[in-house]
Amino acid sequence: MELDLEEVYKNAGALLEGHFLLSSGNHSQFYLQSAKVLEDSKTAQILAVALAQQITDAGIKVDTVCSPALGGILAGYELARALDARFIFTERVDKVMTLRRGFEVHSGENILICEDIITTGGSALEAANAVEKQGAHIVAFAALANRGFCQKNDSTKEAKPECKLPKTLPFFALDDFDFEIYEPQVCPLCKEGTIAYKPGSRGN
Ligand code: ZN
């Protein structure tokens, strides 16, 4: 059965429509609230198994899945379970992505970095750098959804210049969610007179 990720997000009420201020400072009419999809543990498992299948089909061997906190943790944990791999996460300490909580990385350990959504991949890259510094070997990146800046493994849509993921490594995602984002100066929603708000700040 073909997995329709947009349908899964819609059914979970996780594809929000409004006027959103993104962490990048840009505006968008849509916002993906992955936590809302993953609150259903069965759905989380189905998505993770599908993503794991792509990774094993590509012949990628993963010892450990590592996610940047907080957004990537649920997706990464489920993916690790589906891959029968270890799971660790990085978090920001004074803005620097760091391994804490007694997590250790072994030299040559094959690590896949997992996010819920990859936009430009900035946090994923920082997590990769944090574990690479400790001797890990990054084998791939993965996310439930790709926002369309980076090129997922089986896609012909090329990466945009904003994508921060290394082109030398595969990036696996279940689907592309390629909706427009606007710089505030040219945002058509602002021109209509509404004010952009941070997702989460109005109970969503
Ligand atoms: Zn706007």
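A cavity here is a set of grid points where a 1.4 Å probe fits but cannot get out. Keep that in mind for the last stop of this tour, and remember throughout that you're looking at a predicted model.

**Stop 1: the zinc ion**

Click on the zinc ion, then add His19, His27, Cys187 and Cys190 to your selection. Those are its protein donors, and their atoms NE2, ND1, SG and SG, in that order, lie 2.1 to 2.4 Å from the metal. What geometry does the site have? It's tetrahedral, with angles of 94 to 119° among the 4 donor atoms. For a yardstick, the ideal angle for four tetrahedral donors is 109.5 degrees.

Now look at how the donors are spread along the sequence: the spacing reads H-x7-H-x159-C-x2-C. Distant parts of the chain are linked here, since His19 sits in strand β1 (residues 15-21) and Cys190 in helix α6 (residues 188-191), 171 residues apart.

Switch on a surface next. Is His19 buried or exposed? His19 has a relative accessible area of 4%, so it counts as buried, because the cut-off for buried is under 20%. Cys190, at 28%, is partly exposed.

**Stop 2: the sheet with β1**

Stay with β1 and select β2 and β9 as well. Together they make an open sheet of 3 strands in the order β1-β2-β9, paired antiparallel. The edge strands are β1 and β9 (181-182), each pairing on one side only.

Zoom in on β1 and strand β2 (residues 27-32): they run antiparallel and are joined by 5 bridges. Which residue stands opposite His27 of β2? It's Leu21. You've met His27 already, as a zinc donor through ND1.

**Stop 3: a hairpin**

Jump to residues 86-93, which are strand β4. This strand pairs with β5 in the antiparallel sense over 4 bridges, and the two form a hairpin with 2 residues between them. Pick Asp94 in the turn: its phi is positive, about 50°.

Then colour β5 (residues 96-99) by face. Met97 and Leu99 are on the covered face, while Val96 and Thr98 are on the uncovered one. Opposite Thr98 you'll find Glu91.

**Stop 4: the cavity**

How many cavities of 30 Å³ or more are there? The count comes to 1. The largest cavity has a volume of about 40 Å³. To find it, select Asn146, Gly148, Cys150, Lys152, Ser155, Lys157, Asp176 and Asp178, which line it. That lining divides into 1 nonpolar, 3 polar and 4 charged residues.

Technical notes:
Residues are numbered from 1 along each chain as its sequence is written. This is a predicted model: local features need pLDDT of at least 70, side-chain atom pairs count only at pLDDT 80 or more; totals for chains, interfaces and linings use all residues. Side-chain values use heavy atoms; hydrogens and water are left out. On a 1 Å grid over the protein atoms alone, a cavity is a set of points where a 1.4 Å probe fits but cannot get out, and a pocket is an open set with protein on both sides within 12 Å along at least five of seven lines; lining residues have an atom within 4 Å of a point. Grid points are joined across faces, edges and corners, and a volume is the space filled by probe spheres set on the points. Ala, Val, Leu, Ile, Met, Phe, Trp, Tyr, Cys and Pro count as nonpolar, Asp, Glu, Lys and Arg as charged, and the others, Gly among them, as polar. Buried means under 20% relative accessible area, exposed over 50%, partly exposed in between (1.4 Å probe, protein chains only). Two strands pair if DSSP finds at least two bridges between them. Donors are N, O and S atoms within 2.8 Å of the metal (3.2 Å for Na, K and Ca); water is not among the atoms, so sites may look incomplete. Four donors count as tetrahedral if all angles lie between 85 and 135 degrees; four count as square planar and six as octahedral if opposite donors are over 155 degrees apart and all others between 65 and 115; anything else is irregular.
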